[in-house]
Amino acid sequence: MPESQLKSPLITQYRTCNLCEAMCGLKIELKGHKILSIKGDQQDPFSQAHICPKAVALQDLYQDKDRLTKPVKKTANGWQEISWKEAFKQVGSQIKNIQQQYGRNAVGAILVLVIPGCITAIVW
Ligand code: SF4
């Protein structure tokens, strides 16, 4: 753990696991941005401290060095990072263009769980 994180106070955050519809309560202990533990929240009225191994694995997803945290755009020179503002502007503009050309029902959307922890919006 980097020295700067050693000096950070130990904090506890309570969150809801977003990996499936059970939405179990989580108790997460952190120092800086480093997750020290993920356990079930004993005060959660539904899950009552029970979680499955996938919730514990959220730590690996969170700290994965390859995890995307900003939008990227495919260009002739490869993937380039863009701002959220630019990403929403471009997607909105393209949806509007498709609807103007092919009609309002030419675009649909669905939210799916492709892999655990990765809820993806598919627009067609
Ligand atoms: S802890 Fe497991 S069962 Fe509970 S919401 Fe997360 S993935 Fe679902």
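These questions and answers look at how the terms used for this predicted model are earned.

In this predicted model, local features need pLDDT of at least 70 and side-chain atom pairs count only at pLDDT 80 or more, while totals for chains, interfaces and linings use all residues. Residues are numbered from 1 along each chain as its sequence is written.

Q: What makes up the secondary structure of the protein chain?
A: The protein chain has four helices and seven strands. Helices (H or I, at least four residues) and strands (E, at least two) are DSSP runs, numbered from the N terminus. Along the sequence they follow the pattern α-β-β-β-α-α-β-β-α-β-β.

Q: Why is Met 23 called partly exposed?
A: A residue is buried if 20 or more other C-beta atoms lie within 10 Å of its own, exposed if 12 or fewer, and partly exposed in between; C-beta atoms are placed from the backbone. Met 23 has 13 C-beta neighbours inside 10 Å, so it counts as partly exposed. You will find Met 23 in the loop between β1 and β2.

Q: Why does Ala 49 count as partly exposed?
A: Because Ala 49 has 14 other C-beta atoms within 10 Å, it is partly exposed. Ala 49 sits in the loop between β3 and α2 (53-56).

Q: What is the sign of phi in Met 23 and in Ala 49?
A: Most residues other than glycine have a negative phi. Met 23 is not a glycine, yet its phi is positive, about 50°. Ala 49 also has a positive phi, near 80°.

Q: How do you know that the length of helix α4 agrees with what is expected?
A: The expected span of a helix is 1.5 Å times one less than its number of residues. Helix α4 (residues 84-102) has 19 residues and should span 27 Å; its end C-alpha atoms are 27 Å apart, so the two agree. After α4 comes Gly 103, with a positive phi near 105°.

Q: What makes α4 "hardly covered"?
A: Among the 19 residues of α4, the count of buried residues is zero. Strand β1 is hardly covered too, with zero buried among its seven residues. For the protein chain of 124 residues, 7% count as buried.

Q: How do you know that β2 pairs with β3?
A: Two strands pair if DSSP finds at least two bridges between them. Strand β2 (residues 25-31) and β3 have six bridges, in the antiparallel sense. One of the bridges joins Leu 30 to Ile 35 in β3. These two strands form a hairpin with two residues between them, and Gly 32 in the turn has a positive phi of about 65°.

Q: How many bridges link β1 and β2?
A: There are seven, again antiparallel. Among them, Tyr 14 has Lys 27 in β2 as its bridge partner, and Thr 16 stands opposite Gly 25.

Q: What makes β1 and β3 edge strands?
A: The open sheet has three strands in the order β1-β2-β3, with antiparallel pairing. Strands β1 (10-16) and β3 (34-40) each pair on one side only, and they are the edge strands.

Q: Which residues surround the ligand?
A: They are Cys 17, Leu 19, Cys 20, Ala 22, Met 23, Cys 24, Ile 51, Cys 52, Lys 54 and Ala 55. A residue is near a molecule if its C-beta atom, placed from the backbone, lies within 6 Å of it.
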